[in-house]
Amino acid sequence: MFDDGMTSQRDLDLDLVSWNGIIAAYAHHGCGKEAIRLFNELRKSGFKPDDVTYVGLISACSHAGLVEEGLKYFDELVKDGSILVREDHYACLVDLCGRAGRLKEAVDFIERLETKPSASVWGALLAGCNVHANAKIGKLAAKKLLEVEPENAGTYMLLSNIYASTGKWKEASRVRLKMKDKGLKKQPGCSWIEVRNRVHAFVVGDKSHSQSKLIYSLIHDLHSKMKKVGYEPNNVFLSDEY
């Protein structure tokens, strides 16, 4: 991503903020091994990692499936003593275990916390349950998350999806109905990209962009190519309401 990985970072005049920014970028793109190499390079350059460094590092391990490495760095963070362990670190660890399907391990960790888990911690657990279709733990995570954020439509949607993916259609319908009764609607997903100093934003079904015809044509062509190589869409989570 940054050249071919690690091209003489020592020769660059980087401060800790810059190191952290690059590690976070690697994390965002799922480049866990590159983030770890950069972390080691940071230390060799005489810098001491801070709380932000570890958020990026553990997140990178999570996105790359490097579970044991992520657990090692979290343990290192806790034992350091000079760095305040924040909710972000807890959420990263839960996300790390959740993505890997180690949901019981994530629950055990949350139950051992000396502070009340935040919405981000429960949200990370719920997301993991959604990936691995674990309705039992997903129900617990959703319940705890709704205690903190009772008007969060996304929580209802995820729980409904978990039930649907496990064939529990009545439960899924019940959650959707409860969401509807509360008047909650999930905000449409939005993505954006900056090209030549101009920001282009997109939401689902949006055709307001000046080049929407070209964009949809490219997406259609991409879908065709995906089907040719054997991709089959998962329609379990589709709903006529949203």
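Student: How many Å apart are the end C-alpha atoms of helix 1?
Tutor: This is a predicted model, in which local features need pLDDT of at least 70 and side-chain atom pairs pLDDT 80 or more, while totals for chains, interfaces and linings use all residues. Residues are numbered from 1 along each chain as its sequence is written, and side-chain values use heavy atoms, without hydrogens or water. Helices are DSSP runs of H or I, at least four residues, numbered from the N terminus. Helix 1 has 13 residues, and the expected span (1.5 Å times one less than the number of residues) agrees with its end-to-end distance of 18 Å.

Student: Within what arc do the buried residues of helix 1 fall?
Tutor: Buried means under 20% relative accessible area, exposed over 50%, partly exposed in between (1.4 Å probe, protein chains only). Leu16, Trp19, Asn20, Ile22, Ile23, Tyr26 and Ala27 are buried in helix 1. They line one face, because the directions from the helix axis to the C-beta atoms fall within an arc of 165 degrees.

Student: Which residues are exposed on the other side of helix 1?
Tutor: The buried residues pack against helix 2 and helix 3 (contact: heavy atoms within 4.5 Å). On the other side, the exposed residues are Val17 and His28.

Student: Is the pair of Trp19 and Phe47 stacked or tilted?
Tutor: Rings of Phe, Tyr and Trp (its six-membered ring) pair if their centres lie within 6.5 Å; planes under 30 degrees apart are stacked, over 60 edge-to-face, the rest tilted. Here the centres are 6.1 Å apart and the planes at 55 degrees, so the pair is tilted.

How values were computed: Helix = DSSP H or I, 4+ residues; strand = E, 2+ residues; numbered from the N terminus.
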